[in-house]
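Colleague: I'm new to reading these models, so could you pick a single part and take a close look at it with me? Please fit it into the rest of the chain as you go.

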Amino acid sequence: MSILINKDTAVIIQGITGREAVNLTREGLDYGTRIVGGVTPGRAGRDVYGVPVYDCVRDITARQHVDGSIVTVPPRFTRDAVFEAIEAGLKLVVVVTERIPRGEVAQMVELARLRGARIIGPNCLGILSPEEAKMGPAVNVRRAFKKGPIGVMSRSGGMTTEIANTLSAAGLGQSTAVSIGGDAIIGSTYAELMPLFEADPETRAIVIYSEPGGRMEAELADWVREHRSRLPIVAFMAGRFMDEMPGMRFGHAGTIVEGKADTTADKIARMQAAGISVAERIEDIPALVQERLRGH
């Protein structure tokens, strides 16, 4: 199985006539994603690779059921697009756009919480369930992602693909890979996604890619302990050198180290205390996963 999306998931793309969105549409259709419509105000009646374009989300939801939306519009319009999708009843919104003002992201996340919807992102590559569907601009998907029992979560879009590729090369396919986004405020954290993987009978282990800064690893460690997770977890922690460089940023806006609890050393210690294995190198991940699977 997979989490969040599968081959039957009905998806729309907001901002579908933009240059990047056109490519995203083509790649999604080629992969088998069920894209049922797109939105660009003032462009109704057109189509993108056969996908009909509408002026607003409700013009689509009035005609058919829609499960989720990929939002790929300029930052100044992103909040309105996400609000529109959530208020139209969509329960899954993948926000690809980056450089959205932090206060507006907080408003988007709060509205999603109030309406029982889930946001993935912003500033992410989205979700990919191998050989089923993808919501987002993940690339090299047929080579890197193979169907299997390993869930992947990553703050880095590129590392989502890299980890999946490393696992696939070792014969370890993925159930679902989720690029959660690297910003300081995001819609879904590791701990918030864990119950979905936990409930998926075909997911047998989790791999996460992490960076300095933020509380997500501490929250994940607490969740694993409190819920006595059945899933072995292997983590790779980037940026260990940053422990010697307090106040520096690494990679993403969400990775500024503000205190001891944000350092890589503290994060590694917290995760190991919760039973999470930490790989020294990315190429060590498959062997660690196989070792943990043998122990279950």
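Modeller: Let's get the vocabulary sorted: helices (H or I, at least four residues) and strands (E, at least two) are DSSP runs, numbered from the N terminus. This is a predicted model, so local features need pLDDT of at least 70 and side-chain atom pairs count only at pLDDT 80 or more, while totals for chains, interfaces and linings use all residues. Residues are numbered from 1 along each chain as its sequence is written, and side-chain values use heavy atoms, with hydrogens and water left out.

On that numbering, Y49 sits in the loop between strand 3 (47–48) and strand 4 (51–54). Y49 isn't a glycine, yet its phi is positive, at about 50°.

The part I'd really zoom in on is helix 6, residues 157–169. With 13 residues at 1.5 Å each, helix 6 should span 18 Å (1.5 Å times one less than its number of residues), and the 19 Å between its end C-alpha atoms agrees with that. Its buried residues (under 20% relative accessible area with a 1.4 Å probe, protein chains only; exposed is over 50%, partly exposed in between) are G157, M159, T160, T161, I163, A164, T166, L167 and S168. So what covers them? Among the elements in contact (heavy atoms within 4.5 Å) are helix 5 (141–144), strand 10 (147–154), strand 11 (174–179), strand 12 (205–210) and helix 10 (285–294).

Now zoom out a bit. The protein chain has 10 helices and 14 strands. Its radius of gyration is 19 Å, close to the 19 Å that the globule rule gives for 296 residues, so it's as compact as a globular protein of that length. (That radius is taken over C-alpha atoms, and the rule is 2.2 Å times the number of residues to the power 0.38.) Of those 296 residues, 56% count as buried.

For a buried spot elsewhere, try T25, which lies in helix 1 (residues 19–31). T25 has a relative accessible area of 0%. Beyond its neighbours within four places in sequence, T25 touches I13, I16, I35, V48 and V51.

R228 is the opposite case: exposed, at 75% relative accessible area. You'll find R228 in the loop between helix 8 (216–227) and strand 13 (233–237). R228 also has a positive phi, about 45°, without being a glycine.
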